[in-house]
Structures are given as C-alpha cells and as structure tokens.
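Hi everyone, thanks for coming. Have a look at the structure on the screen, and I'll talk you through one chain and its partner.

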Amino acid sequence: MKDVTSSLVCKCGCGNMLISACECTNAQVYRAIVTQQIKAGMSKEEILDSLVKMTASQKLKDLAEQVEREGAVAEAAVMEGFRQLLKEYGVERFSGFGFGDVAYFLKNCGRGEEILGAPKAQGVHLIGWTLPFILLLVSGGVIGMFLMRLKNRAIPAPSTPDSASVERSQATSSPSALSAYEARLDEELKKFDF
Amino acid sequence: MAADLGRFSILFALLCAAYTLVAGIYAGRAKDRLRQEQWWQSARRGLLAVFLLCALAIGVLIHAFVTHNYNITYVWSESNRGMPVQYKVSAVWGGQDGSLLLWVFVLSCYGALMVWRPQPTVRSIMPYTAAVMAITQVFFLLLVNFTANPFRVGPPHGLEGMKWPPPDGRGLNPLLQNYWMQLHPPALYIGYVGLTVPFCYGMAALMSGKLDSDWIIAVRRWTLFAWTFLGCGILLGGIWAYETLSFGGYWAWDPVENASLIPWLTGTAFLHSVMIQEKKGMLKGWNMVLVIITFALSIFGTFLTRSGIIQSVHAFAQSGIGPYFWTFLLLMIILGFGFLFLRGWYVSAGLVTLFTFGLFIIHTFGRLKTGIHPPAPDTPNAPLPPEGAEYLLLAVSFAVAGAMAYVVSSELIGIFKNDGKPRYNALQGDNEFESWLSREAAFLVNNWLFVGAAFAVLFGTMLPNLTEALWGAKITVAGPYFNVVMPPIGLALLFLTGVGPLIPWRRASPKNLWRNFRLPAAVAGASLPLLWLMGVRQDAYIGPIPISFSLIVLATCVFVTATIVWEFYRGAKARHALTGESYFAALINLTLRNRRRYGGYIVHFAVALFFAGVTGSMMYKVEVRKDLHPGDTLRIAGYELKLNKVAIERVPGWKESLVAHVDVALKGRKLLTLKPRQDTFEGFGRDMQQTPIPAILYTPQHDLYLVLRQVANPNNLKSTSIHLQVYLFPMVLWVWVSGVIFLIGNFVCMLPGAKELRAPERVTVKGWVMER
C-alpha cells in the first residue's frame, strides 16, 4: 500500500505531496481506491498503470465536466458513473465518500502520467532518467582527457641535470637507495600539505 | 508618517546605490591614485549610506508591524492584533514585499561590511567590487521601490471600497506561525545574499584584470560564511517542515527546496576548488565560472520561488515578479561571461551561455507553448511585465548565444590546431598535474561530482517544464525521481569526503595510502557485519548483490568518521610528543593552529553524521494509523500510546487548537504526555482550514512523531474518536545535530589568524589616508 501510494503525487495544489503523505480529500480517495485494488490482487505496476489510464480516460473527463456544468444536481448520475468507472479498473467497492469528495477528486486528481511521482523509464522519459548520468560520464571523460594532457605535459625531461634529478638517478640505482629516496620524498611532500 | 519615512528611505537608498555604481566604476577606471582614492572613498560611503537607509526602512516596517499600523497595506495583509509579538516581527518576511526588503537589507549589510575594512591585497579591485555590489542593490531596490513596495498605503486592488485603515489585519499564513520560520528565512537569506560577495570580487577581478589568487583568498571566508548560512537555512527549513507540515519527513525534493540546494552544491564545489588555485595555481577560469553560476543559481532560486512556473509547497511566496528576476539573471550572466570572454576564457563563457540559453528556452517556450503563466499576483502591487519584454529577451538571448557559439567553436578549432593552447588566456593556470592519485585529482573529482549533483537537481526540477515544452507531455518529477538519481552521486561524494583529505598533494605512493587508510578501511569493514546484525538490511538489495544500499551508506559514514578520528589522533599524538602537552590540549591547539584543515574535518564529520541520520530516518521509518477513543491504546516499537483526552485550547484573537493528550509509556513506565493538535487561526480572508501540528518525542535512537489527523466529533470531545498517525523515525535527531556540528566546524574554519587581525599599514597622500 505504502509502496504504491509513495509513487503517486497529489495534484490538488498542495505542491506535489506524495499520496502516502497527503491528507487532502484527493489523497484519501486515492488511498481508498488503491486499498481496493490491492485487495483485488493487483500488483504495484498494474495499479499504477490502471490509475494513469483511468485519470486520462475520457469517461473521467466527462464526469468532471458534468460536475462543473451541473453541480450537485448531477449527484446521483456522477456517483453512479464514478462507481462504474472504478469497476473498470478493479475497484469493486467504493464507500465512505460523498458527492463533494468525488467532485473534488474529479477536479483535482490530475490527468494521466502527471499523477506519478516520476515518469516511467520508457520512451522519451528515458532521457530524463539517464541524462544526468550520461552528462556525468561525458564530463568525467572530458576532465580525464584534460588531466591526461596536463599529466603528459608535466613530465618534460630537464635539459640540464639539476641536483634533484642527479639524486633521483642515483637513488634509482639500488633498491635500498630507492626506498630512502621515497621516504625523503614523502617528508618533502608533507610540507605541501595544508 | 511611518509609511512616508519608509518610502523615502528606500528611495534614497536606491539613489545612493546608483551613485555608488557610478562612483565605483569611475574609481576603478581612474589612472591617478589620488583621484581613485577619492572616488573609492565616495563609493564606499555610498554603500554605507545604503546600509543605514535600508536599516531605517526595515526598522520602520518592524515598528509598523508591532504597533499595528494597518494603514500600510503590507502590514494589514500579513498580520493581525492577536498574533504574539515574535510572529509580528517575523511577519515582516511573511509576504513578498517584506521578504524583498529583508533581502535588500541583508544585501546592504554585506555591502557595508565588504567595504568597511577591505583586505589590503585586494584594495585595488575594491572600487569594482563596490560597483558590482551596487548593481545588485540597484536591481533589488528598484523592485522594492516600484513593484513590491512594502510601504504602500491604502486598500489593495479588488477591495477599494473597504474602510481604511481597517481595525485589524488579515493575519499571517498559519504555516508560517512557527518559531523555526523566524530563523529559516533570515538564515537562508544570509546565505543566498552572501553569495553575491564572491560574485562581486570575482567580477571585480575580471573587470580590473587582476586575476591572481588574491581575490580568491579574500573571498574564501565570505563564501564560507554565506555557504554555512545557506546550509543552516536549508536545514532549518527541514526542521520547520518536520515540525509543522506533518507530512512525515523534512525534505520532499520540492522545487523551491531544490532551488536552495543547487547553489549550495556549486558553492561547495567552489570552496574546494579555491584551495587548488591557492596551492597550485590551477583552475583560475573554472573558479570564475563557479562564482558566476553560484550567484546566478541563487538568483534563479529566488526566481523559481517567486515565479510560480513550478508547482511547489512554497506557493505562498509566488507572485508576478519572476520575470524581473529572470531579466536580472540574464543581465548578470551576460556581464559575467562577457568579462570571462574578454579575459580569454572562451570555453567557460560558452558553457555559461549555453546554460543561460537553456534555462531561457525552458522558461520562455515552456510559457509560450504550454500556457504556464505566473499566477495572479497575491499582492496587488506586483504587475506582470509585458509579454513583449520576453520576446525582446529571447531575441537578445538568441543573438548572444549565436555569437558565442561562433566564437567558442572557432576557439575550440583553434585550440586543437594550436596544440591545446588558446590564443590568449589571462586566466591560464599554472597547471601541473602529476598523478591520478593526488589531492589535485580528488579535488577535481569533487568538483565534477558537486557540479554534476547540482546539474542533476536542476535538471530534475526543470524536467516537467522541459518535457511539456518539447513533447507536450505533462509529468511530475518529485521524490520518486530524485530518490533514485541522487543517492549514487551522494554516496560517491560521501566516500570522497573520507578519501580526499588524506591523499597528499602532487602524488600519493602506495605507502602513503596504506599508512592513511589501513585503519579506517579496517574499521569500516568491521562495521559491515555489525550493522547487518543491528538490522541494517531491510531496504532494497542492489541487484543480485545481497548488500543493502543503506548498509553501504552507513559503512561509508563509519569509514569517513574513522578517517577523521584517525587524523585527529595522529595530529594530537605528534603534537603531544613534540610539545609535551596533554592529549586534550594538544587536540585543541592542533585544531586552533590548523583551523582550516581541522575545521574542515569537523564539517566532514557533520556530513557523515547527516548521511547516517538521513539514511536511518528515511529508509527505516515506521508508520501506523489508528482510530482511538479516550482510553484506547496503540503500541509501536515498545511504546504504549494511550489517548487520555481531547481538549480545546484558545488564544483569543489568534488561534484555537484541538489538542489530543496522548500518554506515552515505555515498558510500563510513563514517560510524558504528547499533545498533537490541530490549529485553526483567526484572521480576515485567511485559509481557515485546520492545520495539524505534530507532537514529537526526540530521542537519540528515534523520534516518536504523532499527528492528529482527524477529530470525528469536535462538538463532543469527551466521547469523540480521533484518527492518529504515528511515525517512528530512527536517528533523525542526528540530522539536526549534524547541523550544529557543521556550524561549529565552519566557525573554526572562519576564525581569523593573528596575522589577519593586524591592522593594515596606512600612508597619507595629500591629506588622504590610504591603506598600503
């Protein structure tokens, strides 16, 4: 239940709160629908798909327009129409909500994919999911190339041997001298540390 | 009278800022030293005058709130007589007009402090610094004077017929009547506005051509100060959300939250990359880019908050002034990249242009194609700009982007033809890079990840607009998106927090690595089975690997902490051996003598603690809901919650609360009574809905968080049932504690050294005292 309602957002104007956390009528109706769908044995994916389809359906839009047009006069027809609509999406029982709640839900439930907290990772939305990582990889590659170039540039051989290079060449002549040289280098490097 | 005084103050402040702009530029361009000094002193006094006038204006507004001066429209709109006096003061920034005045006031404080005693090393660029500060002040003062004037008098549009002045005000938005709201906006503003200072210095260095590292050194503490406050402001916003919004969390990846996080992330990148310029003379141009985009993103954040182009819980701050911010943002970026371009950093100029252009396309096409318009202004004196202005901006943006695309492409071709060297680059660093295993490399990876994280947050925030503009599809991008995209980047940054400081400059040898990391790695390795046994294994597994993400995060936190403790221990031990001081004295002196280094470690420890707190509280929270009658009990994690009674509490003229008295017992022993409540605030024309305010038992292990969702029968409280929502948030207290440690660490970093406290040397030329 929590898993499903944490994937849905409330579009009533409360600022995209998750349905699991929101307490407005819209969220309460959603939670009631999801509870029934879970009881009907639907999986998380099936529930989310069905809600996206339901909120994008023409029937729901018609009901919302009917409420807008006729108001409370159409109460019986709207309630019946809404129950029928819910049945198509696996909700056999819908109770505890009045016409006002349903009218609010029809107006504020959101439409289609926008009720999901994140777009499905398919089609054009794959760009949205992957672009930050692609750019990170590309920029990482560019930085790597830049550093590689700097690294290559940083090791030109000195034209005349200075004392350090003489020392280095002497140091590399035997393993014990090498470790002594490395120890000294470490000491020197420590001075650079802040 | 008060309104007139306020109006005149901000009008004169505008004139002074405009004068400072001219005087600053004149001083910067003057060849003669004496003339330069005279104009600089004049510009300096201009900024001081702006500060005094803004202080007067905000003082007048606070006085008007406290004395119920409802003749002023803004005071009527945001307060009423019944409110406690502390909320009357915080109501000053409760609405748009006042919050902009607070912004201007904070900006004027920064302006005055910046020129009060500038460091001698950057003395020559100070005139330009003052001029850039003045440009920003002029923009905000124009807004405060002509579109969002908090001293406007008379009934608002739509209510022209009402008796004026009214006997009482409308009251403040109930959600803002919380003590954290007295701290969160000012802290955030100090952070946001403070990011103007590094921008001023950076721009001044670019304008004057003095591009060595002096400006970086001068600006480091300013940036640290602003960054600290921005971080604390964000965290205070989290506490406010946690204690007021009762949605069961403190961070929801709301666009406005994101807008404050983005400049904080780029600011973090800047704070790290300045070190590499100081030590190695690298990344001069890149630091300029970071300064410009951090400032631009702080303005962009304000634009997001105000424009209403994105749905947000911060809707109370929305109005029609977003486009003005957008225009200012564009102008500042043009100014920034223009000078970068002049100094030869073509590629960065191109990047900034593309960034601006991208944002502009999203904004403008998003609006044109999808019909998203700023909502009707909440305050009547914030008219929408003409649509034509947007087309003009679009044309300018196209022209600038086209020119830049031409220059950048030709420059890139030139670079490749010319063995990687640009034709001319005043920002060319003394680039030396020896090894991938060096602190330089760690800093670069740090910058890469922080800017990448900032981009990811920005991109996700703008994705709904982008998708709608490009494909006409309406989508929502909220927590479920960010909770997937951000954790890997966050984990990489956390790991780097531990690794980076212990890698030496230039190059690390295997011996170095073994010496520095053997113990922390062993401790972190040992923590894995311990954490597993403690139950850190409930969240999703990473693919087929039987290790949960939270386990990895917490083990990395242990690793980071171990590296820091190890560093402190080694330092204190060495000092103890050298000086004979006690270990404790050695630890304190070590920290005080290497403030930046050890202050940084303290901040890093705060980061590790923060990650641990967030992981525990978000991934292991437990929620229970139940209907209770008086006498009923509910059990959760060993706690026994018993509804004692439901009562009503009134504060005449301010609010009425339905309060549930819930006795909390642990193992049969009563601990305390928690009182979750529903507040209904009095006030004309305000939302009269009940606002649930949670009651929280804070413990180091977990927080017990009670929300009174519903009172079934408010007319019969003796027998009514309530709907209670109970959360158990593990380790959330450590998130707030990490904020305190973060503050302490930054305070240590900011402490001045003895050398800095010394007064600058002064000379007198023709009666003018100048600093050397």
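Let's start with a word we need: a contact means heavy atoms within 4.5 Å. In chain B, take the contacts with a separation of 6 or more: 73% of them join residues 24 or more positions apart.

Quick housekeeping. This is a predicted model, where local features need pLDDT of at least 70, side-chain atom pairs count only at pLDDT 80 or more, and totals for chains, interfaces and linings use all residues. Residues are numbered from 1 along each chain as its sequence is written, chains are lettered from A and ligands numbered from 1 in the order in which they are written, and side-chain values use heavy atoms, leaving out hydrogens and water.

Okay, chain B itself. Of its 772 residues, 59% count as buried, meaning under 20% relative accessible area with a 1.4 Å probe, protein chains only.

Now, how many residues of chain B are in contact with chain A? It's 49, and they meet 50 residues of chain A. People often give the size of an interface as the accessible area lost when the parts come together. Here chain B and chain A bury about 4600 Å² between them, with 66% of that on carbon and sulfur atoms; buried area is the accessible area (1.4 Å probe) two parts lose on being put together, summed over both.

There are also two salt bridges between the chains, each a side-chain nitrogen of Lys or Arg within 4 Å of a carboxyl oxygen of Asp or Glu. One of them joins B:Arg625 and A:Glu23, at 2.5 Å from N to O.

Terms used:
Buried < 20%, exposed > 50% of the residue type's maximum accessible area, 1.4 Å probe, protein only.
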